Amino acid sequence: MVTNITNLSRSGLYDWMLQRLSAIVLAAYTLFIVGYILTTPGLDYGQWSELFSQVWVRIFSFLALLSLVAHAWVGMWTIATDYLNSRAFGEKSVLIRFPVQLICFIALFSYLVWGIQVIWGL
């Protein structure tokens, strides 16, 4: 049996719902950005900077960043527990799975901190 020590909510249903909700937020953000690019002819740095100086765009971008991190974590955790926990690896599969999850966690946390710095100019 797989222990739920490294997933977000300790419930498959909540992870599934989080995955779907984060996908909706990411789709909406993608449509917003693509729509802005397509409807703004001759887009330059000034227009782009003006867009991202608005607080609601920064909040939307931050929400998209959080959604991306949560979506990636749930997906990575699911893949790691499905494929790195098989009988092929034996009883010591945690010795393979945990380092993979740790590396992914460090990468996602780094991306989150970097994204916050970019979005809010910290």
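Axes are lines fitted to C-alpha atoms, for helices over the stretch in contact, and angles between N-to-C directions run from 0 to 180 degrees. The exercises below concern a predicted model.

**Exercise 1. Determine the secondary-structure content of the protein and the order of its elements.**

Solution.
1. The protein holds 4 helices and 0 strands.
2. Read from the N terminus, the order of the elements is α-α-α-α.

**Exercise 2. Describe how helices H1 and H2 pack, and state which residues meet.**

Solution.
1. A pair of packed helices is described by the angle between the axes and the distance between them.
2. For H1 (residues 12-39) and H2 (residues 45-52), the angle is about 145° and the axes are 12 Å apart.
3. The crossing of H1 and H2 is right-handed.
4. On the H1 side, the residues that meet H2 are Tyr29, Phe32, Ile33, Tyr36 and Ile37. Their counterparts in H2 are Gln47, Trp48, Leu51 and Phe52.

**Exercise 3. Classify Tyr29 as buried or exposed, and identify its contacts beyond four places in sequence.**

Solution.
1. Tyr29 belongs to helix H1.
2. The cut-off for a buried residue is under 20% relative accessible area. Tyr29 has 17% relative accessibility and therefore counts as buried.
3. Leaving aside neighbours within four places in sequence, Tyr29 is in contact with Phe52, Phe60, Ser61 and Ala64.
4. Tyr29 and Leu65 are 36 residues apart along the chain, and their C-alpha atoms are separated by 9.8 Å.

**Exercise 4. Assign Ser61, Ser67 and Ser93 to their elements, and decide whether each is buried or exposed.**

Solution.
1. Ser61 is located in helix H3. Its relative accessibility is 5%, so Ser61 counts as buried.
2. Beyond four places in sequence, Ser61 touches Tyr29, Phe52 and Ile119.
3. Ser67 also lies in helix H3, which spans residues 55-83. With a relative accessible area of 8%, Ser67 is buried.
4. The contacts of Ser67, with residues up to four places away not counted, are Ser22, Val25 and Leu26.
5. Ser93 is found in the loop between H3 and H4. Because its relative accessibility is 6%, Ser93 counts as buried.
6. The C-alpha atoms of Ser93 and Thr81 are separated by 9.4 Å, with their positions 12 residues apart along the chain.

**Exercise 5. Classify Ile79 and Leu95 as buried or exposed, and find the residues of the nonpolar surface patch that includes Leu95.**

Solution.
1. The cut-off for an exposed residue is over 50% relative accessible area.
2. Ile79 lies in helix H3. At 51% relative accessible area, Ile79 is therefore exposed.
3. Ile79 and Arg97 are 18 residues apart in sequence, and their C-alpha atoms are 9.9 Å apart in space.
4. Leu95 lies in helix H4 (residues 94-120). Its relative accessible area of 60% makes Leu95 exposed.
5. The nonpolar patch on the surface is formed by Val94, Leu95, Phe98, Leu102, Phe105, Ile106, Phe109 and Val113. Together these residues have about 750 Å² of accessible area.

**Exercise 6. Give the totals for burial, contacts and accessible surface in the protein.**

Solution.
1. Of the 122 residues in the protein, 30% are buried.
2. Among contacts with a separation of 6 or more, 64% join residues 24 or more positions apart.
3. The accessible surface of the protein is about 8,500 Å², and carbon and sulfur atoms account for 72% of it.

Conventions. Residues are numbered from 1 along each chain as its sequence is written. This is a predicted model: local features need pLDDT of at least 70, side-chain atom pairs count only at pLDDT 80 or more; totals for chains, interfaces and linings use all residues. Side-chain values use heavy atoms; hydrogens and water are left out. Patches are made of residues with over 30% relative accessible area and no salt bridge: like charges are joined within 9 Å, nonpolar side chains (Val, Leu, Ile, Met, Phe, Trp, Tyr) within 5 Å. Accessible areas come from the Shrake-Rupley method with a 1.4 Å probe; for residues, only the protein chains shown count as cover. A salt bridge is a side-chain nitrogen of Lys or Arg within 4 Å of a carboxyl oxygen of Asp or Glu. Helices (H or I, at least four residues) and strands (E, at least two) are DSSP runs, numbered from the N terminus. Buried means under 20% relative accessible area, exposed over 50%, partly exposed in between (1.4 Å probe, protein chains only). Contact means heavy atoms within 4.5 Å. A crossing is left-handed if the near helix is turned anticlockwise from the far one by less than a right angle, and right-handed if clockwise.
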